[in-house]
Each structure stands twice: as structure tokens, then as C-alpha cells.
Amino acid sequence: MNLKLLHDCLVLDAVTLGVEPPFRAMRPQFSIHLFEQLGSTNTQLWQMLQAAAPAGTVVIARSQSAGRGQ
């Protein structure tokens, strides 16, 4: 998986993606954090939320060593 390509696709604005005007306001806003490796994406996300990360925060890792989806 190419994390940079994934990130670029997820953060492009609605106009660039070709979303029709009536639907542009419906697109949720995300704060995407990409990692090569983590112990657990869930643990990382909980730590970020406790440090006041906004709603819509997403954690993606290429691999995790202790997570359920390892």
C-alpha cells in the first residue's frame, strides 16, 4: 500500500475530486495520520484523542505489532 497516495486521495478537496456542488458540503472532514509502523492504531488514536485531537481523526499504519489487525 502506498501511504502517500492513500493520503493524497483522502485529503483532496471536493472540487478536485469532481463532487457535484449540492454534495460538497456533505463531505466529512478528516485529520489523517499515516505511520509506517505502530504497536496499535487504536492505542495511538486513543492517545491522540486524550490530547484533544478533533473528531474525524484517523490513524493508518502500514503495519502494527500489537494491534488486532496485525
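In which strand does Ala-61 lie? In this predicted model, Ala-61 belongs to strand S2, and with a relative accessible area of 17% the residue is classed as buried, because this value falls under the 20% limit. Although Ala-61 and Leu-3 are separated by 58 residues in sequence, their C-alpha atoms lie 8.4 Å apart in space.

Strand S2, which spans residues 57–64, is joined to strand S1, residues 31–38, by seven bridges, and the two strands run parallel. Within this pairing, Ile-32 has Val-58 of S2 as its bridge partner. The connection between the two strands passes from S1 through helix H4, residues 41–50, to S2, forming a β-α-β crossover that is right-handed. In a regular strand, the side chains alternate between the two faces of the sheet.

At the start of helix H4, a side-chain oxygen of Ser-40 comes to within 3.3 Å of the backbone nitrogen of Asn-42. Beyond the other end of the helix, just after H4, the backbone of Ala-52 adopts a positive phi of about 75°, a positive value in a residue other than glycine. Ala-52 is placed in the loop between H4 and S2, and the residue is exposed, because its relative accessible area of 67% lies over the 50% limit. Ala-52 thus contrasts with Ala-61 in accessibility, the former being exposed and the latter buried.

A further set of features involves Gln-64, Thr-41 and Gly-67. Gln-64 also lies in strand S2, and at 16% relative accessibility this residue counts as buried. The side chain of Gln-64 reaches the backbone nitrogen of Thr-41 at a distance of 2.9 Å, and Thr-41 itself is one of the residues of helix H4, which covers residues 41–50. The polar contact therefore links a buried residue of S2 to the helix through which the chain crosses from S1.

Gly-67 is found in the segment after S2 and, at 5% relative accessibility, counts as buried. The C-alpha atoms of Gly-67 and Thr-41 are separated by 6.7 Å, although the two residues are 26 residues apart along the chain. When residues up to four places away in sequence are not counted, Gly-67 touches Gly-39 and Ser-40; Ser-40 is also the residue whose side-chain oxygen approaches the backbone nitrogen of Asn-42 at the start of H4. The start of H4 is thus described by the Ser-40 to Asn-42 approach, by the reach of the Gln-64 side chain to Thr-41, and by the contact between Gly-67 and Ser-40.

Conventions. Residues are numbered from 1 along each chain as its sequence is written. This is a predicted model: local features need pLDDT of at least 70, side-chain atom pairs count only at pLDDT 80 or more; totals for chains, interfaces and linings use all residues. Side-chain values use heavy atoms; hydrogens and water are left out. Helices (H or I, at least four residues) and strands (E, at least two) are DSSP runs, numbered from the N terminus. Buried means under 20% relative accessible area, exposed over 50%, partly exposed in between (1.4 Å probe, protein chains only). A polar contact is a pair of N or O atoms within 3.5 Å; within protein, one must be able to donate a hydrogen and the other to accept it, and residues adjacent in sequence count only if both atoms are side-chain atoms. Two strands pair if DSSP finds at least two bridges between them. A crossover is right-handed if, with the strands pointing away from the viewer, the path from the first strand over the helix to the second runs clockwise. Contact means heavy atoms within 4.5 Å.
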